[in-house]
Amino acid sequence: MSPAQETAIAISAQLGESTKSYIASRSSATEFAAAFDMWAYSVETSCIKRGYNVEMLSGGDMLIRSLRDEGVKYLFGYPGGAALHIYDAIFRQQEVRHILVRHEQAATHAADAYSRATGEVGTVLVTSGPGATNAITGIATAYMDSIPMVVISGQVMSHLIGEDAFQETDMVGISRPIVKHSFMIKHPSEIPDVVKQAFYIARTGRPGPVVIDVPKDLTAPFETFPYEYPEKVKIRSYTPATRGHAGQIKKAAQLLIEARRPVIYSGGGVVQGNGSGLLTELAKKLNYPVTNTLMGLGGYPGTDKQFLGMLGMHGTYEANMAMHHADVIFAVGARFDDRVTNAVKEFCPNAKIIHVDVDPASISKTVTADIPIVGSVESVLGEMLALILESDDKPDAGAIESWWTQINEWRERHGLYTAPRYNTSGEKIMPQDVIKVLHEVTGGDAYIASDVGQHQMFAAQYYLFDKPRRWLNSGGLGTMGFGLPAAMGAQMADRDAVVACVTGEGSIQMCIQELSTCTQYNLPIKIICLNNQALGMVRQWQDMQYSSRYSESVYEDSLPDFVKLAESYGHVGIRVTKKEELKAKMEECFAMKDRVVFMDISVDTAAHVYPMQIAGAAMRDMWLSKTERT
Amino acid sequence: MRRIISVLMENAPGSLSRVVGLFSQRGYNIESLTVAPTEDETLSRLTLTTLGDDHKIEQITKHLNKLIDVVKLVDLTEGAHIEREVMLIKVKAAGAQRAEIKRCVDIFRGQIVDVTASLYIIQITGTSDKLDAFLQSVGDASILEVVRSGVSGIARGEKVLSL
Ligand SMILES: Cc1cc2nc3c(=O)[nH]c(=O)nc-3n(C[C@H](O)[C@H](O)[C@H](O)COP(=O)(O)OP(=O)(O)OC[C@H]3O[C@@H](n4cnc5c(N)ncnc54)[C@H](O)[C@@H]3O)c2cc1C
Ligand SMILES: Cc1ncc(C[n+]2csc(CCOP(=O)(O)OP(=O)(O)O)c2C)c(N)n1
Ligand SMILES: [Mg+2]
């Protein structure tokens with residue numbers, strides 16, 4: 001505690017009991033408030049007389065003020081009993097803007113996507129009990145994708161905790177496995193420190209969500225404490241890695257230069273860790289092929305010729321083949337997820353692996369790294385690039401050229417663009433074509449928020465992201481319902497940007513209520529619904545593994561009229577059923593710059609996502625179409 | 001392999017549940033667990049024994065280190081160390097059994113800490129193996145109740161686990 005805070009506390013104690021009982025004896029709420037304000041004012045002026053500038057604030061005010069001082073611009077949330085003092089504090093200021101969603105899950109997804117789009121920490125406020133439990137899916141989503149987020153949850157009054165009080169849930173307990181850390185406030189005076197620590201923990205090291213649980217009594221308006229927002233934070237038990245080990249980096253640079261069949265495999269860590277620029281420079285310098293995970297898309301320009309596309313379960317033929325045949329794999333900010341590696345024991349049999357990750361627990365978790373480097377992508381890539389530029393050794397140009405010849409041959413043979421994986425000449429609108437048209441109409445420069453399913457994979461395969469932080473999707477948890485609120489978060493982050501939500505008729509119904517939030521805050525999102533009348537991804541698996549027994553993956557004509565639904569929220573609805581009108585209608589949609597437009601596009605129900613890795617085998621083993629495999 | 005991991009962590013609400021939660025969440029097993037504050041009230045020392053191959057133990061220590069409350073940890077089994085566990089046992093001790101059990105306690109350097117006409121309470125300290133051996137020699141038939149503290153350990157020599 002600072003001397004100023006100590007003085008303020010001493011003075012409040014001196015004013016003592018008589019003042020308190022005077023305040024308490026006021027008969028009306030207004031008089032009470034007035035007497036209280038006078039008291040707080042007299043503490044403040046006495047402090048100023050002693051040369052200390054302090055401000056007396058209640059817990060609720062401190063919380064919001066701390067957010068302001070942390071630089072928070074938007075707070076996504078939903079009010080309720082235990083959070084009402086905090087909501088009153090929000091009302092009495094202008095700097096932190098609250099966005100009222102229609103379901104707490106949406107608040108977490110919107111804050112999460114705000115973070116993905118900007119790199120800042122997303123911030124959420126919910127009430128206790130159902131408010132807190134509704135936020136859980138969104139917290140888990142952010143946790144799995146390592147997204148920095150701070151979630152403040154109201155809690156019942158301290159003395160009621162543990163008594164099964166009204167709307168009590170053990171938020172710290174329920175969220176424990178899906179947070180980076182959590183705090184329960186014990187005294188209002190801790191609030192500024194805890195907020196500071198929470199944001200620091202959320203954003204540093206491997207980012208992740210942090211929960212702050214705040215009992216209602218600790219935010220009460222008429223109990224004030226001297227406020228000071230800490231400038232620095234130090235947590236003795238937390239020292240996230242930054243710079244990688246110099247010796248390891250040197251070894252890695254050398255191995256990379258000596259590679260004859262290299263692949264750069266980059267993931268979400270490069271996007272979140274602002275490493276795209278350096279990665280691109282390094283890859284360009286070496287003329288090495290790059291593949292991205294689902295989370296890493298945009299980390300390397302999607303339209304560049306050195307880009308192989310996504311790898312993994314629905315990765316491109318050339319990316320998976322290149323991985324399998326590589327002699328050196330440079331993995332950066334990626335975590336060898338099982339959707340990437342396929343069977344670990346068959347994974348890249350001839351490759352030496354360099355793995356850069358800020359989290360030591362990601363390294364050698366599933367696939368053993370030959371050169372592990374614990375550090376942030378930004379600093380490690382910077383040092384590696386410098387070493388490569390300085391080095392007298394150069395890659396063997398002949399070897400790299402024949403590697404490219406091989407890769408280009410794979411690309412010619414089964415590439416997504418060179419040898420389409422679907423019927424391009426039929427009557428029906430193919431979902432892949434919708435994404436291609438979307439790319440064309442938006443100039444490849446939109447923020448694309450996605451839901452989960454086949455549409456997500458088509459978007460990942462065909463919308464070639466040239467910039468990081470443009471592709472917003474739930475990879476690790478695969479949360480249907482993420483798309484629309486995520487699009488809202490992106491639009492809040494960049495009010496002038498073009499934001500589209502690629503979704504399916506299944507996923508969109510999981511957070512459809514947010515169409516109302518879009519109305520309230522004028523968020524002109526374009527919803528591109530690939531309506532295949534089915535839980536397509538489920539249906540695809542049923543086609544492939546259950547002899548097309550469509551157990552509960554179809555809805556029997558129960559779908560709403562999405563056009564009318566959109567209209568009822570005050571938005572524009574456009575239905576597309578004919579292939580030849582797709583492009584014109586898409587253009588019409590994006591021409592309506594200040595409106596939410598819901599495009600309900602009927603696409604081929606039977607379409608499958610290909611390539612698809614064959615389970616239990618190596619990366620090179622794939623289905624290329626319904627009838628063709630490697 | 002059996003490992004003894006010793007953890008120095010913040011003596012704060014919730015830190016123990018984070019450690020325990022980590023083990024159940026990731027499917028690691030805990031054989032025994034002891035925890036108490038240290039001479040520095042702000043820190044707790046936690047000792048746990050677990051089973052796993054090198055890969056698993058590496059993951060366990062990495063994940064423990066990631067917990068914000070964990071200040072430092074050491075895998076004691078990596079070097080020379082001393083391990084101790086305390087056990088209290090209530091046994092039937094009547095007739096000829098009494099002398100027999102008393103002799104057994106002496107051999108294991110235990111103490112009889114409470115006596116009635118028909119039973120003893122025995123206190124015995126040592127490695128977990130020694131306690132197991134004692135239980136075996138007393139035999140299931142006479143054992144009424146067993147309480148074990150779980151393992152505590154400390155590294156031999158100069159090495160210390162402190163701030
Ligand atoms: C239907 C469906 C299908 C899918 N199919 C595929 C697929 O075909 N291919 C695919 O790739 N994925 C697919 N996924 C996604 C998959 O489940 C994983 O989410 C994804 O592969 C993980 O991406 P990543 O390895 O980049 O790791 P992320 O989850 O993005 O993790 C980032 C890693 O980088 C590290 N990191 C973070 N910040 C930094 C920093 N500053 N410096 C250094 N390191 C940092 C983290 O510690 C972490 O290890 C699919 C998901 C769904 C829902
Ligand atoms: C909340 C949630 N429940 C269930 C699933 C399992 N699941 C994955 S994809 C999918 C179908 C999605 O259907 P739709 O949104 O219509 O997309 P499509 O695959 O048809 O493009 C389901 C049910 C999930 N990922 N998330
Ligand atoms: Mg569908």
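Me: Into which domains is chain A divided?

Reply: Chain A splits into domain 1 (1-53), domain 2 (59-227), domain 3 (246-414) and domain 4 (431-609); the bounds come from an automatic or database domain assignment. What you're looking at is a predicted model: local features need pLDDT of at least 70, side-chain atom pairs count only at pLDDT 80 or more, and totals for chains, interfaces and linings use all residues. Residues are numbered from 1 along each chain as its sequence is written, chains are lettered from A and ligands numbered from 1 in the order in which they are written, and side-chain values use heavy atoms, with hydrogens and water left out.

Me: How do you know that domain 2 and domain 3 of chain A are in contact?

Reply: Their C-alpha centres lie 38 Å apart, but 7 residues of domain 2 and 6 residues of domain 3 take part in the contact, where contact means heavy atoms within 4.5 Å. Together the two domains bury about 590 Å², with 49% of it on carbon and sulfur atoms; buried area is the accessible area (1.4 Å probe) that two parts lose on being put together, summed over both. On the domain 2 side, A:Arg116, A:Asp145 and A:Arg206 lose the most area, together 62% of what that side buries.

Me: Why is the pair A:Arg206 and A:Asp359 called a salt bridge?

Reply: Their side chains come to 2.9 Å, N to O. The name needs a side-chain nitrogen of Lys or Arg within 4 Å of a carboxyl oxygen of Asp or Glu, so this pair fits. The count between these two domains is 1 salt bridge.

Me: What makes B:Lys66 and A:Asp359 a salt bridge?

Reply: The N to O distance is 2.6 Å, so that Lys and Asp pair satisfies the 4 Å rule too. The interface of chain B and chain A has 2 salt bridges, plus 10 residue pairs in polar contact, both at pLDDT 80 or more. A polar contact is a pair of N or O atoms within 3.5 Å; within protein, one must be able to donate a hydrogen and the other to accept it, and residues adjacent in sequence count only if both atoms are side-chain atoms. Helix H1 (15-25), helix H2 (54-66) and strand S4 (70-75) of chain B each give two or more residues to the side that touches chain A. In all, chain B puts in 21 residues and chain A 19 residues, and about 1,600 Å² is buried.

Me: What makes B:Glu83 and B:Arg2 a salt bridge?

Reply: An Arg nitrogen and a Glu oxygen sit 2.9 Å apart, so the rule is met again. Chain B is assigned domain 1 (2-78) and domain 2 (82-151), and 1 salt bridge is found across their interface. The two domains bury about 420 Å² between them.

Me: How do you know that strands S4 and S5 of chain A pair?

Reply: Strands S4 (residues 122-126) and S5 (residues 149-155) run parallel and are joined by 5 bridges. Pairing takes at least two bridges found by DSSP, so they pair. One of the bridges links A:Thr123 to A:Val150. Strands here are DSSP runs (E, at least two residues), as are helices (H or I, at least four), numbered from the N terminus.

Me: Why are S3 and S6 of chain A called edge strands?

Reply: The open sheet runs S3-S2-S4-S5-S7-S6 with parallel pairing, and strand S3 (97-100) and strand S6 (181-184) each pair on one side only.
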